[in-house]
Structures are given as structure tokens and as C-alpha cells.
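Open the model in your viewer and show side chains as sticks. The tour goes from one charged pair to the next.

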Amino acid sequence: MEEDFRNEEARMRGQKCYICKEQYANVLCCAKKCFRSFHSLCEMQNECLSHYVDTFQSWGDKDVALVGKVKYSETEACGICYDEMRPYRKLESIHAPCCLNVWFHRSCVAQFAQSAG
């Protein structure tokens, strides 16, 4: 196990974050033909996407596709909590075209999914 940590540290030493340009980038983008790497903190601050389940895949902000390129007005309400959607952010908003074009906060959908079991 100690050898695994040493190998990972050596691998990260050579990885440069494409966002902040610093070394020791610990996350690799999973998009095809993308060889970018980035830090976890840079990922959170720059609309990168990570799935913290199964194979723990991550994608850089340039590889996160905006489906349909549809946006909402800031006064539109979330279909779950009924609060305003706030300024558009692609990773915090989920568009549901099947439900009369309703929008949801990602956090509301996650909370609803956890409470549903």
C-alpha cells in the first residue's frame, strides 16, 4: 500500500493542472482524446463534472456538454423547491423537457433522490 502511494505521488508530480498551471494535478479528464488533468479544488471552482460513484469519472469544463444549449430566465422556479433558479450555471441546473420544460436545481434532485431511497 505504501508503494501505491509513492507511485501515485510520482505520477501526480508530472501532471500539470490545465486550469491553474500548477503541478500535482490529481484528476484526469475521462473524455475521449482528452489528456487534461486538474486539481480537485480547481475542478470545483471551474464547472468541471465528477461522478463520485462507480468508477469515479471526471470531465473538465471544456468537455462538459450543454445539451440543447437551452437556458432559463432567472425568475423561473425550480420544479421541486419552487425557489428561483438564479443565474444560469450549467452544472447546477437540470432541464427536464419531458415535464413541460421544467428546470430543477441539481441539489434539489439529489436531495429528492436520497429521500426516495
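Start by selecting Arg11, which is partly exposed at 27% relative accessibility. The model you are looking at is predicted. Now add Glu8 to the selection: Glu8 forms a salt bridge with Arg11, and their closest N and O atoms are 2.4 Å apart. Glu8 is also partly exposed, with a relative accessible area of 34%. Follow the backbone between the two: Glu8 and Arg11 sit three residues apart in helix H1, a separation of about one helical turn.

How many salt bridges does a search of the whole structure find? The search finds three, so two stops remain after this pair.

Next, select Arg6 and Glu2. These residues form a salt bridge, with 2.5 Å between the closest N and O atoms. Both lie in helix H1, which covers residues 2–13, and they are four residues apart, about one turn of the helix. Switch on the surface here. Arg6 counts as exposed because its relative accessible area of 54% is over 50%. Glu2 is exposed as well, at 53%.

For the last stop, select Glu9 and Arg13. What is the distance between the closest N and O atoms of this salt bridge? They are 2.6 Å apart. Glu9 and Arg13 both belong to helix H1 and are four residues apart, about one turn of the helix. Keep the surface on: Glu9 is partly exposed, with a relative accessible area of 31%, and Arg13 is partly exposed at 40%.

As background to these stops, side chains of opposite charge can pair when their charged atoms come close.

Definitions and conventions: Residues numbered from 1 in each chain as written. Predicted model: local features only at pLDDT ≥ 70, side-chain atom pairs only at ≥ 80, totals over all residues. Heavy atoms only, no water. Salt bridge = Lys/Arg side-chain N within 4 Å of Asp/Glu carboxyl O. Buried < 20%, exposed > 50% of the residue type's maximum accessible area, 1.4 Å probe, protein only.
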